[in-house]
Number of protein chains: 2
Amino acid sequence: MSVDRDQVLRSAAALLTRKGSATMDEVARAAGISRATLHRHFAGRDALVRALEELGIQECETALAAARLGEDSAEEALRRLVKEIQPAAGLLAFLVTENQLFEDDAQHEGWSRLDDNIGALFRRGQESGEFRIDLTPVWFTEALYGLIGAAAWAVLDGRVAAKDFTHMIAELLIGGARRRVEP
Amino acid sequence: MSVDRDQVLRSAAALLTRKGSATMDEVARAAGISRATLHRHFAGRDALVRALEELGIQECETALAAARLGEDSAEEALRRLVKEIQPAAGLLAFLVTENQLFEDDAQHEGWSRLDDNIGALFRRGQESGEFRIDLTPVWFTEALYGLIGAAAWAVLDGRVAAKDFTHMIAELLIGGARRRVEP
DNA sequence: ACCAGGTGAGACAAATTTGTCTCACGAGAT
DNA sequence: ATCTCGTGAGACAAATTTGTCTCACCTGGT
């Protein structure tokens, strides 16, 4: 029976998210295949990580497209983005810790495209008066990534409920911790 | 001349934050010492990581003590905490990615102590009416760690200015992205 | 001058991981 | 029934990393 490449990547992501130092053998066993087969599909560990990077970027781009960042208010668009990106959160949490991907000067073009699109969303929110202007869109973007990673880890460890994922991130990012006075 | 153990740990943290897969040889060279000397001070890679964990916990505890989390408003205390914890941010960013530290059931007791203290701060803010109650103290705590890590990485990559560290984290965490209407 | 302690450089074996290969097996197609 | 393709299992060498050891050197104190 032929191996489902996508399923292998997803189980690899799940394992590597928990244990970034997992060997090719462990990755193979986690996917339920032999190391030989894993090597037939991915030339080596580098190729595997690169494939995971591709998958992560692709899932993020899908999420961005589905979130229609240019429509409605920036706040609503941001909530949609967080909701749509949740399935990719675990993979994303792994990729951001894989600093091997960023240590060489030539990082994947997909990340800058994503950064630009998300940054543009925050900029739109600032220009429309929704968002504060004393924090930069770049920081908002980085903070979004950081919160997604933190939430993914907290869910994995069982410290917070998975169903609260979207609410936790979006509410904190948009409204912060301060109690809002009823209008 | 005797080696400054603390300085070795700090340079190791700086290197491992950028490249988590650095070998003992690279760590030694980064510290300006030989691999033999590095081994004389830290029995192996595990011992080195554990020592970094100890250092990180200790620095966080120092920061917590200096921030006097029980005094003034929770918001003011939180701002002090972020400010005091900034020197440990890089080390912290490395430690949270070192999931080796958490994969065994017996994690360092120091982390739970820190979590408890920080969680208590957020709970105090909720009970005093400063902070919203639809997000849990646990999530606030995780989000703080996530934002600290994200900020540390962004500063390392030059995407944001180091001098904005405290302001970025505290403002986003406390006030969120939404523009506040003048009272 | 002498000594003691700490260090650097290098050699070495052991352990681990990786990449490649061969061979046998089994499911599905013809 | 036969063929073919993909897979599992295992062997194997190469590369990497680690841990340990020895020896020479240097510096500070006596």
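**Chain B against chain A: contacts and salt bridges**

In this predicted model, 42 residues of chain B are in contact with 42 residues of chain A; contact means heavy atoms within 4.5 Å. Local features need pLDDT of at least 70, side-chain atom pairs count only at pLDDT 80 or more, and totals for chains, interfaces and linings use all residues. Side-chain values use heavy atoms, without hydrogens and water; residues are numbered from 1 along each chain as its sequence is written, with chains lettered from A and ligands numbered from 1 in the order in which they are written.

Reader: What area is buried between chain B and chain A?

Author: About 3,700 Å², with carbon and sulfur atoms giving 56%. Buried area is the accessible area (1.4 Å probe) that two parts lose on being put together, summed over both. R132(B), W139(B) and R178(B) supply 21% of what chain B buries against chain A, more than any other three residues.

Reader: Why is the pair R159(A) and E142(B) called a salt bridge?

Author: The rule asks for a side-chain nitrogen of Lys or Arg within 4 Å of a carboxyl oxygen of Asp or Glu. The closest N and O atoms of R159(A) and E142(B) are 2.6 Å apart, so the pair qualifies. Across the interface of chain B and chain A, the rule finds six salt bridges.

Reader: Which helix of chain B gives the largest share of the side that touches chain A?

Author: α9(B), with eleven residues. Helices are DSSP runs (H or I, at least four residues), numbered from the N terminus.

Reader: Why is R80(A) called buried, and D72(A) partly exposed?

Author: Buried means under 20% relative accessible area, exposed over 50%, partly exposed in between (1.4 Å probe, protein chains only). R80(A) has 17%, so R80(A) is buried. D72(A) has 44%, so D72(A) is partly exposed. Their side chains meet in a salt bridge, 2.7 Å from N to O.

Reader: What makes R50(B) and E53(B) a salt bridge?

Author: Their closest N and O atoms are 3.5 Å apart, so the pair meets the cut-off. R50(B) and E53(B) are three residues apart in helix α4 (residues 45–67) of chain B, about one helical turn. At a relative accessible area of 2%, E53(B) is buried, whereas R50(B), at 31%, is partly exposed.

Reader: Which residues do shared salt-bridge partners join into one network?

Author: E75(A), R79(A), E171(A), R132(B), D134(B) and R178(B).

Technical notes
Helix = DSSP H or I, 4+ residues; strand = E, 2+ residues; numbered from the N terminus.
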